[in-house]
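Trainee: I'm new to this one, so could you take me through a single part of it slowly? I'd like a close look at the cysteines and how they are paired, with enough of the surroundings to find my way.

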Amino acid sequence: MLYLKPVNQSLLKGFLIIVMTAGVLWLAYSQAYGMAWQFDDYINLNRLAQVSTHASLLDFVFGGIAGPMGRSLSLATFVANYADWPHNPWGFSALNLLLHIMNAALVYLLFAGLLARIVNGSDAACILAALIAVIWVIMPMHASSILMPVQRMTQVSAFFSLLTLYAFFSLRTRWEGVPSFQGVLALCLILVGGTILSIFGKENGAVTPALAGLIELCFFSRADGSRKLRLLWYSGICASLLAVPVAMSFYVFGNWADIQGSFIYFRGRSMAEHIATQFVISWEYVRQTLLPRAAAFGPYHDGHVVYSWSMWQPHVALLAWLGVVAGAISLMRREEPSLQLIGKLVVFAVLWFFACHQIESTFIPLELYFEHRNYMAVLGFCLILIMPFGLIVISKDGRKVAAFAVFGIAALQIFSLQQVTSLWGQPMLANEMWAINHPTSTRATQALANSFLQQGFKDAALKLADDFVERQSALDVAIQFFPKHCEQGGAAELRNRFNMLLTLNPTPGGIPTGLAGMGRAIREGQCEGITLQDYSSFLTEILKNPSVHWNPRVRHHIEYEMALTQLKLEDIAGYVLHARQAFLDFPSLGVAQAVALTLFQHGELAQALTWIDDVLANAPNVMLAEAWKEQLANLRDALLNVQNELGDIHRSDKAIAPLH
């Protein structure tokens, strides 16, 4: 039963505030209408254009590569933007914004119920909850998750998490003490089912039970109930709080060598450095949440400084968090109820923040900094921001000051949001500003150089890229812009540039960005003095690099380039060998179809049919196997039909051949 007790009118007042805020929010985000696609959009959404059959729909929804679970629920929502791909990124972000507003409504409902348990009067609880939702929804911290189309995955996962938490809270309010056995079972089913849905939005949804456990500890009493039920309930709370840490521990120790290798060879830092840096970054997140600086927001944080435990910053960051928690616990031990409440809510906010970060900002070798990781995490801080306004006993004048402070915070958030969204709406200016503010970011440099190329400033683009390559020894940037040098460079210059490539630092994640373009230029003879054998030798050397070895997705691209090069050299056996390895490194229907067609075009029908059988045997999951079976069966039939028709034509030609 939903939590709608005698507060219907109060809830409507709060919803009116949310609706008014949604209008302001829409106006602010509409300034980003001229926005451009970002770095992760194409790789995740490029197959959307082919979603016109049942098989291609299954392939798109269940063939996701953004996470280990595939994020099929999130991918399914992108089908609604079928008509917007690939020319209207704003169409995607407009739907992202709608989801964001829906999530704000869930935040409001959840906190209206929670605050009703600690505030006198449902009116006050609803107004305070509306303020929390308003401050949360207008935060510029969320802008990148809305304006990067593919980051809808964050909002979809958060929607199911918030819906699950609200359903958990609504059912939990039926018991003042420990729930009955049937209640425990029902609450567990809600948490498990909702968490699974959230995970298929994005894997970070696995933290949902931990958030429910924090709500239970902070807002509910467990004094009543039999000893057995209390033991069962306490065990359930502990399980919800420890589920992710325990699972992460098993994952880390069971895959220790691979994880360490991925950190060192793929991310370019150790796990210890990664964790040390995350403590520093956590305070950067807090600063940007409470005192946003528009210039520091953006999609490009791949050049973030890496800290180690030999430096003072991680120790200070860790001690600062411990100090905040210790100070809050000391307040909880004071006699004054208002101080106790302050302490409890501060501990709640800090634990909520770290619970939301326990997957993406700990032991998994992901990138260091992403703003969208704070989508759910900052909710506790929103509660702290409005706490003086109505959750503690202060004087009338004090309440006026608190109200003015809340208004000032909201005004600052709106002002910063307007600056951020207007910048995203001007891609050329945005790329220039992001490159200036993030001079060590490969992606920022690539984006700005590509903007220069689109505007016809080729020399400026190449100089920008060359300067970055010289500063950062960035192989991926050198590869991406090598074809542009082929258009105007002589043989000697190109040979020097090509030989320099193997002296640069390989950043595996960026290599595929420009490798296909470079390979195409060389195979088509556009790069004077660079032979196919030269390119093949270069790819062979790159494959030997440990940084590439630890990433099969990168090997996939390099092996496929090797296959195409062997095909150009008319080595069909070599082509099949490298194409097969590319497919095994990263199964792809597009590669599978291309290889089958290429083999057929070269008169290798038997090899093409064998290849199709191998592909079906190596489909990543059952759903993809079904989708691939349908499409590849059609391809098999088409190849056989063409072969039969060619045979008929050949026999017909023989039959009507003139007699001599």
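Mentor: Let's set up the charges before anything else: Lys and Arg count as positive and Asp and Glu as negative, while His and the chain ends are not counted. The place of a charge is taken as NZ of Lys, CZ of Arg, CG of Asp or CD of Glu. On that footing, the protein has 42 positive and 45 negative charges, and their mean positions sit 12 Å apart.

Keep in mind that this is a predicted model, where local features need pLDDT of at least 70 and side-chain atom pairs count only at pLDDT 80 or more, while totals for chains, interfaces and linings use all residues. Residues are numbered from 1 along each chain as its sequence is written, and side-chain values use heavy atoms, with hydrogens and water left out.

Now the surroundings. The protein has 30 helices and 0 strands; helices (H or I, at least four residues) and strands (E, at least two) are DSSP runs, numbered from the N terminus. Its C-alpha atoms fill a box of roughly 110 × 55 × 45 Å along the principal axes. Of the 660 residues, 52% are buried, where buried means under 20% relative accessible area, exposed over 50%, and partly exposed in between (1.4 Å probe, protein chains only). Contacts (heavy atoms within 4.5 Å) reach far along the chain: among those with a separation of 6 or more, 73% are between residues 24 or more positions apart.

On to your cysteines. A disulfide is a covalent bond between the sulfur atoms of two cysteines, and here the cut-off is a pair of cysteine sulfur atoms within 2.5 Å. Searching the whole structure turns up 1 disulfide. It joins Cys 486 to Cys 527, with 2.0 Å from S to S. The torsion about that S-S bond is about 95°, so the disulfide is right-handed. Where are its two ends? Cys 486 lies in helix α21 (residues 475–486) and Cys 527 in the loop between α23 (511–523) and α24 (532–544), so the pair ties together parts that are 41 residues apart in sequence. Both ends are covered: Cys 486 counts as buried at 7% relative accessibility, and Cys 527 is buried at 3%.

Then look at cysteines outside that pair. Cys 238 is in no disulfide, and the nearest cysteine sulfur, that of Cys 188, is 13 Å away. At 44% relative accessibility, Cys 238 counts as partly exposed. For Cys 382, the closest cysteine sulfur is in Cys 356, 12 Å off, which is too far for a bond. Cys 382 itself is buried, at 0% relative accessibility.

While you're around Cys 356, glance at His 357, which sits in helix α15 (residues 337–357). His 357 is buried too, with a relative accessible area of 6%. Leaving aside residues up to four places away in sequence, His 357 touches Tyr 285, Thr 362, Arg 373, Asn 374 and Ala 377.

Two backbone spots can round off your tour. Most residues other than glycine have a negative phi, and most peptide bonds are trans. Yet Trp 85 and Pro 86 are joined by a cis peptide bond, with omega about 5°, and Pro 86 is in the loop between α4 (72–78) and α5 (89–116). Glu 570, not a glycine, has a positive phi of about 65°; Glu 570 is in the loop between α26 (552–568) and α27 (572–585) and is exposed, at 68% relative accessible area.
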